[in-house]
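Got your viewer open? Let's take a short walk through this model, one selection at a time.

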Amino acid sequence: MTWIILILAGLLEVAWAVGLKYTDGFSKPLPTVLTLGAMAGSVALLGLALRTLPLGTAYAIWTGIGTVGTVIFGIVVLNEPASALRLGCIAMIVGGIVGLKLSTV
């Protein structure tokens, strides 16, 4: 269950990172409220996951999910570049996330 909580925390990190794009400097009320809610939820779920998981592992996986998810959103939705180098770097992050998960009992 802890890993599911951590994954949800990471997905909420993607949501708030993407939400920042749409707040227009926090001048748009609805995107701002949704973004701030996603931020709070993400940190709260990370805190729950930290009851069981090691800090370094949980934090790295949380930020890794956020990073990879945000880049994928940018490529798919915002038409950001998907160069081989960029995709290779994302693959290394995913490899690190998997390695940390496998090394944590």
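Start with everything selected and the surface switched on: the protein chain has an accessible surface of about 6,200 Å², and 75% of that belongs to carbon and sulfur atoms. Accessible areas here come from the Shrake-Rupley method with a 1.4 Å probe, and for residues only the protein chains shown count as cover.

Before you click on, know that this is a predicted model, where local features need pLDDT of at least 70, side-chain atom pairs count only at pLDDT 80 or more, and totals for chains, interfaces and linings use all residues. Residues are numbered from 1 along each chain as its sequence is written, and side-chain values use heavy atoms, leaving out hydrogens and water.

Now switch to cartoon. You'll find four helices and zero strands, in the order α-α-α-α along the sequence. (Helices, H or I, are DSSP runs of at least four residues and strands, E, of at least two, numbered from the N terminus.)

Next, select residues 33-50, one of the stretches that the unreviewed UniProt entry marks as "transmembrane region". UniProt positions follow the numbering used here, feature names are shortened, and annotations may be inferred rather than shown by experiment. This span is 94% helix, with its end C-alpha atoms 26 Å apart. Then try 84-102, also on the UniProt list: here the chain is 100% helix.

Last stop: the loop between α1 (2-22) and α2 (29-49), where you can pick Asp24. Its phi is positive, near 55°. Phe26 sits in the loop between α1 and α2 too, with a positive phi of about 65°. Most residues other than glycine have a negative phi.
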